[in-house]
Amino acid sequence: MEKTIALDPGNPFDLDATLGCGQAFRWEKQNGVWRGVAGGRAIAIRQDGNLLSFTGADEAFVRRYFALDIDLRAILSSVDRDPRIHEAIGRCPGLRILRQEPFETLISYICATNTNIPAIKRRIAIMAERYGRRLGGGASAFPDAPSLAPCSEDDLRGCVLGYRAPYACAAAAMCARDAGWAERIAALPYAEAKRALLGFPGVGPKAADCILLFAFEKYEAFPVDVHIRRMMHRHYLPALPDGKPMTGREYDLIAGFAREHFGRYAGWAQEYLFCVRDGG
DNA sequence: GTCCAGGACGTGG
DNA sequence: CCACGTCATGGA
């Protein structure tokens, strides 16, 4: 029933940091156990030191979803290029970028614009509950594109998407009509994959980078949200004027600097910086 | 009540 | 290209 994985001490992993940092929206921790839905599976998982114990999925799925195959130390040593990122790495040991599903990630980050994480979680939970496959135990899978596409804008407004409802609606219809969209994007290099994602309504530069980072393993992607922008201004690019709205030009300048400074795993550096967004 | 949140889009300069 | 207004919603 309960399966376990003995983690390799030389390849660190931290469940709390990984599920609590805001990259995935369907996990909650209760009594030391994380419960959530991923890949159409209702999973319960906990970590005790080097031991990972879980139900609801097989070992191969857990290893893949939590990216346990990735050599984290190699990535971190490659991005560890200044005191700021060094401190962030020290504060979130074992944080990993998950491998999430493209369609769920696309819709989730359309729902994530100009709002906060609790509200995003609520929207996704309601969509899953109303339009996703029942998994038992009160859990539901995130709906696939054919299940979500028939929804009207009002249906999705009913899931508290607000003005994002027509975007999610149209994006779901596009995916349902074109089942190969994700495989095609996965095969493209970063810049072209980003251009393709920008073709979805409600997906701008920031959402596109999140989707590429969390669902397509495009680790050059460096999403610049308000927190990251503030931190980059304070600690890396103090010469930038702190004017209110961010132009597309400034976005590309910050992300471009990050790729130059952190290298091709800049997206991992971004997650560590985002994880410590409040302090320092 | 005001401000802010893992922003994007349309319109007008 | 850029600036500006607008778009729902909930928590602090």
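Select Arg249 together with DNA strand C: an N or O atom in the Arg249 side chain sits 3.2 Å from a phosphate oxygen of that strand. This is a polar contact (a pair of N or O atoms within 3.5 Å; within protein, one must be able to donate a hydrogen and the other to accept it, and residues adjacent in sequence count only if both atoms are side-chain atoms). Before you go on, note that the model is predicted, that local features need pLDDT of at least 70, that side-chain atom pairs count only at pLDDT 80 or more, and that totals for chains, interfaces and linings use all residues. Residues are numbered from 1 along each chain as its sequence is written, chains are lettered from A and ligands numbered from 1 in the order in which they are written, and side-chain values use heavy atoms, with hydrogens and water left out.

**Stop 1: around strand C**

Stay with DNA strand C and add Asn116, where a polar side-chain atom lies 3.4 Å from a base nitrogen of the strand. Next pick Tyr163; here a polar backbone atom is 3.4 Å from a sugar or linking oxygen of DNA strand C. Now show the whole set around DNA strand C: Asn114, Asn116, Arg122, Val160, Gly162, Tyr163, Arg164, Thr247 and Arg249. A residue counts as near a strand if one of its heavy atoms lies within 4 Å of it. Colour this surface by class and you will get 2 nonpolar, 4 polar and 3 charged residues. For the colouring, Ala, Val, Leu, Ile, Met, Phe, Trp, Tyr, Cys and Pro are nonpolar, Asp, Glu, Lys and Arg are charged, and the others, Gly among them, are polar. On the DNA side, 66% of the strand C atoms within 4 Å of the protein belong to sugar or phosphate, and the rest to bases.

**Stop 2: around strand B**

Switch to DNA strand B, which has 28 residues around it; Tyr163, Gly202, Asp225, His227 and Gln270 come nearest. Sugar and phosphate make up 59% of the strand B atoms that come within 4 Å of the protein. Turn on backbone atoms for three residues in turn. Gly202 places a backbone N or O atom 2.8 Å from a phosphate oxygen of DNA strand B. For Lys206, the distance from a backbone N or O atom to a phosphate oxygen of this strand is 3.3 Å. Ala207 also has a backbone N or O atom by a phosphate oxygen of DNA strand B, at 2.8 Å. The elements giving two or more residues to this surface are helix H12 (205-215), helix H13 (226-235) and H15. Helices (H or I, at least four residues) and strands (E, at least two) are DSSP runs, numbered from the N terminus. H12 supplies the largest share, 4 residues. By class, the surface near DNA strand B has 14 nonpolar, 10 polar and 4 charged residues.

**Stop 3: where two domains meet**

Colour chain A by domain: domain 1 (3-68), domain 2 (70-90 + 219-280) and domain 3 (102-215), with bounds from an automatic or database domain assignment. Between domain 2 and domain 3, the contact (heavy atoms within 4.5 Å) takes 13 residues from domain 2 and 10 residues from domain 3. Together they bury about 880 Å², 73% of it on carbon and sulfur atoms; buried area is the accessible area (1.4 Å probe) that two parts lose on being put together, summed over both. Select Ala221, Pro223 and Tyr251, which supply 46% of the area that domain 2 buries against domain 3, more than any other three residues.

**Last stop: a salt bridge**

Finish at Glu87 and Arg91, whose side chains meet in a salt bridge (3.2 Å, N to O). The term requires a side-chain nitrogen of Lys or Arg within 4 Å of a carboxyl oxygen of Asp or Glu. Glu87 and Arg91 are separated by about one helical turn because they are 4 residues apart in helix H4 (residues 83-91).
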